[in-house]
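Welcome! Take a moment to look over the model below, and then we can walk through it together.

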Amino acid sequence: MSVDGFPLEGGCDCKAIRYRMETRPLFVHCCHCRWCQRETGASFALNAMIESDRLTLLGGAPTLVDTPSASGAGQQIWRCPQCCVALWSHYAGAGSAVSFVRVGTLDEPDRLPPDIHIFTASKQPWVVLPPGIPAVPEYYDRAQHWPPDSQARGAALRARIQAEKAAASPRNPE
Ligand SMILES: [Zn+2]
Ligand SMILES: [Zn+2]
């Protein structure tokens, strides 16, 4: 284990899927939107955003489930094929390069408390937010909230995604 306590391991209920989060995530969202409430059957979702190449599958083969999302563009949720627990997902914005890991599936979920509370406009009224943690009614501006090292990682990731897109697009015949 490194100085900052990473990597961390996690998995599903039936243990068919095991994974490792290699480094600290970019940012941890506690999302109070109605979609996350439905998907968890609870009051909010806790998602650690991380570059997908910093997630290592240690065992099993998760199944990709296309799921509707608030934006209409959909969310791709990776689930255990046996117990169907959701492990991480991709949203249309960043695509498969960024994974939103369900913090509750980590062996030590206490290690990743929220960096921000989002979509608090639909927060269930009994949930009392802690003082000192940013909370916004809907989404937020990364430039304003992410720590400098996450901003740098995010910029590197965006550059890589653009380069890959450029390489994949067919050459203009003219
Ligand atoms: Zn399972
Ligand atoms: Zn949400």
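What follows goes from the overall fold to the metal sites and then to one residue in the interior.

Please keep in mind that this is a predicted model. To get your bearings, start with the secondary structure: the protein chain has three helices and 10 strands. Reading from the N terminus, you meet them in the order β-β-β-α-β-β-β-β-β-β-β-α-α.

Now step back and take in the whole chain. Its C-alpha atoms fill a box of roughly 60 × 40 × 40 Å along the principal axes. The radius of gyration is 17 Å, which agrees with the value near 16 Å for a compact globule of 174 residues. Of those 174 residues, 38% are buried. Among contacts with a separation of 6 or more, 55% join residues 24 or more positions apart. The accessible surface comes to about 9,800 Å², and carbon and sulfur atoms account for 56% of that area.

Let us turn to the metals, beginning with the zinc ion (ligand 1). Which residues coordinate this ion? They are Cys12, Cys14, Cys80 and Cys83, each through its SG atom, at 2.3 Å. The angles among the four donor atoms run from 104 to 117 degrees, and the site is tetrahedral. Along the chain, the donors follow the spacing C-x1-C-x65-C-x2-C. Two of them, Cys12 and Cys83, link distant parts of the chain, 71 residues apart. You will find Cys12 in the loop between strand 1 (8–11) and strand 2 (18–21), while Cys83 belongs to the loop between strand 7 (75–79) and strand 8 (86–91). Are these two cysteines buried or exposed? Cys12 counts as buried because its relative accessibility is 7%, under the cut-off of 20%. Cys83, with a relative accessible area of 28%, is partly exposed.

The zinc ion (ligand 2) has Cys31, Cys33 and Cys36 as its protein donors, again through SG atoms, and they lie 2.1 to 2.3 Å from it. Here the spacing along the chain is C-x1-C-x2-C. Both Cys31 and Cys33 are buried.

Finally, have a look at His32, which sits in the loop between strand 3 (27–31) and helix 1 (34–40). His32 has a relative accessible area of 0%, so this residue is buried. What does His32 touch, leaving aside residues up to four places away in sequence? Its contacts include Gln37, Ser43 and Phe44, as well as residues further along the chain, among them His117, Ile118, Phe119, Thr120, Val127 and Leu129.

Methods: Residues are numbered from 1 along each chain as its sequence is written. Chains are lettered from A and ligands numbered from 1 in the order in which they are written. This is a predicted model: local features need pLDDT of at least 70, side-chain atom pairs count only at pLDDT 80 or more; totals for chains, interfaces and linings use all residues. Side-chain values use heavy atoms; hydrogens and water are left out. Donors are N, O and S atoms within 2.8 Å of the metal (3.2 Å for Na, K and Ca); water is not among the atoms, so sites may look incomplete. Four donors count as tetrahedral if all angles lie between 85 and 135 degrees; four count as square planar and six as octahedral if opposite donors are over 155 degrees apart and all others between 65 and 115; anything else is irregular. Helices (H or I, at least four residues) and strands (E, at least two) are DSSP runs, numbered from the N terminus. Buried means under 20% relative accessible area, exposed over 50%, partly exposed in between (1.4 Å probe, protein chains only). Contact means heavy atoms within 4.5 Å. The radius of gyration is taken over C-alpha atoms; the globule rule is 2.2 Å times the number of residues to the power 0.38. Accessible areas come from the Shrake-Rupley method with a 1.4 Å probe; for residues, only the protein chains shown count as cover.
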